[in-house]
Amino acid sequence: MSLKVLKFGGSSIGDAEAFRRAAAIVQGELPAGGLVVVSALRGTTDGILEACTAAGLGDLVSAQAVLEALRSRHQEVAKELGYLQEIRTEWDLLFGRLDQVLTGMAMLGEATPRGRDGALAIGETLSAHLAARCFGGEFHEVRDVMKTDSRFGKARPQLGAIRHAAAPWRAALATGRLWVTQGFLGSTPDGVTTTLGRGGSDTTATLLGEALDADEVQIWTDVDGVLTADPSLVQEARPIPQMSLSEAEALSAFGAKVL
């Protein structure tokens, strides 16, 4: 059986309509099962970082105001999709955990890289639980497989450990299951949460694809490919139909985000 890994970024699951579009893609691409990797809802990572900064400065009121805004937005999306009551218990635990993390930062007057990684992980997990319901799949924790070193904020994946940890996933997915997991996250050998850095969900999907012996990894986003310029700045930007690896590397060095 062939295996595909699909990854959806925050802009591709930014609201209820985007979730519906993503669900249609999943149904079309993975009728016999596979793995879906999702980022946090659009703007969530920035919001959590804002809350962490405020909490680290001792401003718990501002941090909790951002938290409540994130909670309201997530609930609005889940309600429009019809899953709010079904997911409320899981989300209450996750938002409660984020509140505890922010409170601890405010008490210490410091937002450490390790603490920020723990907070950011909650944003990824919130969206993955909702995506699992919306796509008709099962949520599975990426930190069980994505093993990294202890460089919080920009952890290095440990390829051998990832492949070894992925063995149960390979066996389960070979039976035709549809699983949904988080992007961007990892864990140290001691089980402490890490992140791979901004944009790390694409890395997560490709590493999982390799570890699972997938036939294909698809990165879904809100543009039609690598463009000649940033479309938010240049309206005339158009897709580049073909490029070499060296050209892709050069574009990446100059900041091409899609890569």
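At 40% relative accessibility, glutamate 17 falls in the partly exposed class, and its side chain meets that of arginine 20 in a salt bridge with an N to O distance of 3.5 Å. This contact belongs to a predicted model, in which the salt-bridge count comes to twelve. The points below take up three of these salt bridges and then turn to the second largest pocket, whose space is about 220 Å³.

**Salt bridge within helix H1**

- Arginine 20, the partner of glutamate 17, is likewise partly exposed, with a relative accessible area of 35%.
- Because glutamate 17 and arginine 20 are three residues apart in helix H1, about one helical turn separates them.
- Salt bridges with shared partners join Glu17, Arg20 and Glu80 into one network.

**Salt bridges that involve strand S1**

- Glutamate 29 forms a salt bridge with lysine 4, and the closest N and O atoms of this pair are 2.7 Å apart.
- Since glutamate 29 lies in helix H1 (residues 16–29) and lysine 4 in strand S1 (residues 4–8), the pair ties together parts that are 25 residues apart in sequence.
- Glutamate 29 has a relative accessible area of 25% and is therefore partly exposed, while lysine 4, at 22% relative accessibility, also counts as partly exposed.
- Aspartate 202 and lysine 7 meet through their side chains in a salt bridge, with a distance of 2.7 Å from N to O.
- Lysine 7 belongs to strand S1 and aspartate 202 to helix H8 (residues 200–211), so this pair ties together parts that are 195 residues apart in sequence.
- Both aspartate 202 and lysine 7 are buried, which places each of them under 20% relative accessible area.

**The second largest pocket**

- The second largest pocket holds about 220 Å³ of space, and of the 13 residues that line this pocket, those closest to its centre are Arg97, Val101, Gly118, Ala119 and Thr193.
- Helix H4 (84–108) and helix H5 (113–135) each supply at least two residues of this lining, and H5 gives the most, with seven residues.
- Sorted by class, the lining of the second largest pocket is made up of six nonpolar, four polar and three charged residues.

Terms used. Residues are numbered from 1 along each chain as its sequence is written. This is a predicted model: local features need pLDDT of at least 70, side-chain atom pairs count only at pLDDT 80 or more; totals for chains, interfaces and linings use all residues. Side-chain values use heavy atoms; hydrogens and water are left out. On a 1 Å grid over the protein atoms alone, a cavity is a set of points where a 1.4 Å probe fits but cannot get out, and a pocket is an open set with protein on both sides within 12 Å along at least five of seven lines; lining residues have an atom within 4 Å of a point. Grid points are joined across faces, edges and corners, and a volume is the space filled by probe spheres set on the points. Helices (H or I, at least four residues) and strands (E, at least two) are DSSP runs, numbered from the N terminus. Ala, Val, Leu, Ile, Met, Phe, Trp, Tyr, Cys and Pro count as nonpolar, Asp, Glu, Lys and Arg as charged, and the others, Gly among them, as polar. A salt bridge is a side-chain nitrogen of Lys or Arg within 4 Å of a carboxyl oxygen of Asp or Glu. Buried means under 20% relative accessible area, exposed over 50%, partly exposed in between (1.4 Å probe, protein chains only).
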